[in-house]
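Colleague: I would like to learn how to read cavities, pockets and sheets in a model. Please give the general idea each time, then the case at hand.

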Amino acid sequence: MNKNMMFTVAEDPSTPPFPLPSGKDEMNFAEFPIALLTDRVPKNQKVIKFEDQIYDEKRKRIVTRRRIIEGSEEYGLPTATDDTVILALIQLTKIKGDFRKREVEFTRLELIKMLGWADEGRSYDRIKLSLLRIQSVNYVYDNAWWDSRQKTWTTKAFHIIDNVEINDSRTTNGQAGLFASRIVWNEVVFDSFQAGFLRDIDFQLCMRLVHPTALRMYRFLGKRFYVRPEWLFDLKEFAHEHMGLGRNYEGGTQIARKLKPAIAELEAVGFLEPLSDDERFIKKGRVWSIRFVQRSATPAALPVPAPRAEPESPSLGALLISRGVTAKTAAELVKQHPAEAIRAKVEVLDWLKDRKDKRIGRSSAGYLVKSIKDDYAAPQGFATRAERERQAELARQRQEAEALEARKRQEDARREQEEAKQIAAYRKALTPEQSAKLEADALAQASPEERQSIEDQSLARFRSTMLHRLVDDHVRRLLRTDGIPSPASE
């Protein structure tokens, strides 16, 4: 958790309220900053603006993307802490409903545990402030929100959260309050969730990162590494438009110095390949670039579900006695009522017990006896054991399908990484003359729009990046057809 936040982190934080084998991140939120990198908002600042330009493969031209974040008069701009709260809310939405409902119920204690904060008054107050601030902030994505259904950049203006309800859930004498809080995601954001524009993240690692810039970098680069394992960015654009670094940091050396602690942290946790300063920060004339390489790692094998043991079926009398009914009453009930009716009422009793339902009263056995004798109707919402098992089986099948899909994504990612390594190794082995010929061949096979973009003087600062990608794509085509020729044979 970030050290510059205004509250303490528990020395031995409680475990999260739910298992978190992996997390999820919305990829529009990963691509661009949605908050400041600090909890100290500059005085009188109510707006943050970001702008960049990319080559749009679908439109075959350079497009300008703008993001405007407008804070409210009362609560101001979102901060680094608010950003982590939004990330935690995404996890709760996955855990509690698998992104099926816009409305999410939770307690502030659940959020506090998930974030690893101390269970104290300041943490509850900070959660409340974050929720109110997030709801009040307006986001404008001008040609910058990726619509995963239409597969194109769109313009959207919205609040991330439409509605917030906050109720007290702080502990009293070790007991949590009964009243849940809730949020309702904006439909633009929720539609992106349901369209699957999400990627897997290590949420617990996110919460352990010390520097807010490291978390922002982890989210942005993690999204980019899915495409290929090595990236070269214009340093200023990377720092200002994608990390959200203050524009008062202008010189390449100054920006590099500011980014180094976050980079070192991501190297230490095994996310980034360690590079020397000369390999990381590249200066050509007055233009600075920054290079990142994903740390190679073999994904851990996914767990195989354990076989389920079939329980033995007890006799009717034993079934009733185990629920507190006396042996004499149990024998009478077995004689006087159908077996299926008795088993059905026992199922209802167990279901009510699990929910601590008040209808059971002081004597669950007494309720069971009366429900059998008077043939109580099943309560609303009741599901039989067979139905619950059917739902559990469907959930298991869904988990297996997700595991298979995850394996497929891992295999695809490994293939893409291996391909990228082969391409990089091939290009590195070329002589300057061979590199020039390769660039000429790639340009000759490029579309007229691609050549026009590369030759456009107004886009000169993007020429190196566009040309690098064009050559990579050319070599990739060779690799997938006839194979890459050895440099010596060129």
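Colleague: Which helices each supply at least two residues of the lining of the second largest cavity?

Modeller: On a 1 Å grid over the protein atoms alone, a cavity is a set of points where a 1.4 Å probe fits but cannot get out, and lining residues have an atom within 4 Å of a point. Helices (H or I, at least four residues) and strands (E, at least two) are DSSP runs, numbered from the N terminus. Here α2 (80–97) and α7 (212–225) each contribute two residues or more to that lining. The largest share, four residues, comes from α7.

Colleague: What should I keep in mind about the source of these values?

Modeller: This is a predicted model, in which local features need pLDDT of at least 70 and side-chain atom pairs count only at pLDDT 80 or more, while totals for chains, interfaces and linings use all residues. Residues are numbered from 1 along each chain as its sequence is written, and side-chain values use heavy atoms, with hydrogens and water left out.

Colleague: What volume does the second largest cavity have, and which residues are closest to its centre?

Modeller: A volume is the space filled by probe spheres set on the grid points, which are joined across faces, edges and corners. For the second largest cavity that gives about 80 Å³. Its lining has 10 residues, and Leu37, Ala80, Asp83, Pro212 and Arg216 are the closest to the centre. As for class, Ala, Val, Leu, Ile, Met, Phe, Trp, Tyr, Cys and Pro count as nonpolar, Asp, Glu, Lys and Arg as charged, and the others, Gly among them, as polar. By that scheme the lining has six nonpolar, one polar and three charged residues.

Colleague: How many cavities of 30 Å³ or more does the structure hold, and what lines the largest?

Modeller: There are three of at least that volume. The largest has about 110 Å³. Its lining consists of Tyr55, Glu57, Glu450, Ser453, Ile454, Met466, Arg469, Leu470 and Asp473. Both α17 (448–455) and α18 (460–480) supply at least two of these residues, and α18 gives the most, with four. The classes are four nonpolar, one polar and four charged.

Colleague: How does a pocket differ, and which residues lie nearest the centre of the second largest pocket?

Modeller: A pocket is an open set of points with protein on both sides within 12 Å along at least five of seven lines. The second largest pocket has a volume of about 500 Å³. Of its 23 lining residues, Leu37, Thr38, Gly244, Leu245 and Gly246 lie nearest the centre. At least two lining residues come from each of β2 (47–56), α7 and α9. The lining divides into 11 nonpolar, eight polar and four charged residues.

Colleague: Now sheets. In what order do the strands of the sheet with β10 stand?

Modeller: Two strands pair if DSSP finds at least two bridges between them. This open sheet of three strands has the order β10-β12-β11, with antiparallel pairing. Its edge strands, each paired on one side only, are β10 (230–234) and β11 (281–284). Axes are lines fitted to C-alpha atoms, for helices over the stretch in contact, and angles run from 0 to 180 degrees between N-to-C directions. The twist averages 25° from one strand to the next. Four bridges link β11 to β12 (residues 287–293), and Lys283 stands opposite Trp288 in β12.

Colleague: Which strands does helix α9 lie across?

Modeller: Contact means heavy atoms within 4.5 Å. Helix α9 (residues 252–268) lies across β11 and β12, at about 15° to β12.

Colleague: Where does Arg182 lie, and with which side chain does its own make a polar contact?

Modeller: A polar contact is a pair of N or O atoms within 3.5 Å; within protein, one must be able to donate a hydrogen and the other to accept it, and residues adjacent in sequence count only if both atoms are side-chain atoms. Arg182 is in strand β8 (residues 181–185), and its side chain makes such a contact with that of Glu105 (2.5 Å). Leaving out residues up to four places away in sequence, Arg182 touches Glu103, Val104, Glu105, Phe106, Asn163, Val164 and Glu165.

Colleague: What is the strand order of the sheet with β8?

Modeller: The order is β4-β8-β7, an open antiparallel sheet of three strands. The edges are β4 (103–106) and β7 (161–165). Here the twist averages 15° between successive strands. β7 and β8 are joined by four bridges, and Val164 has Ile183 as its bridge partner in β8. Helix α4 (residues 121–136) packs on this sheet, touching β4, β7 and β8, with its direction at about 150° to that of β7.
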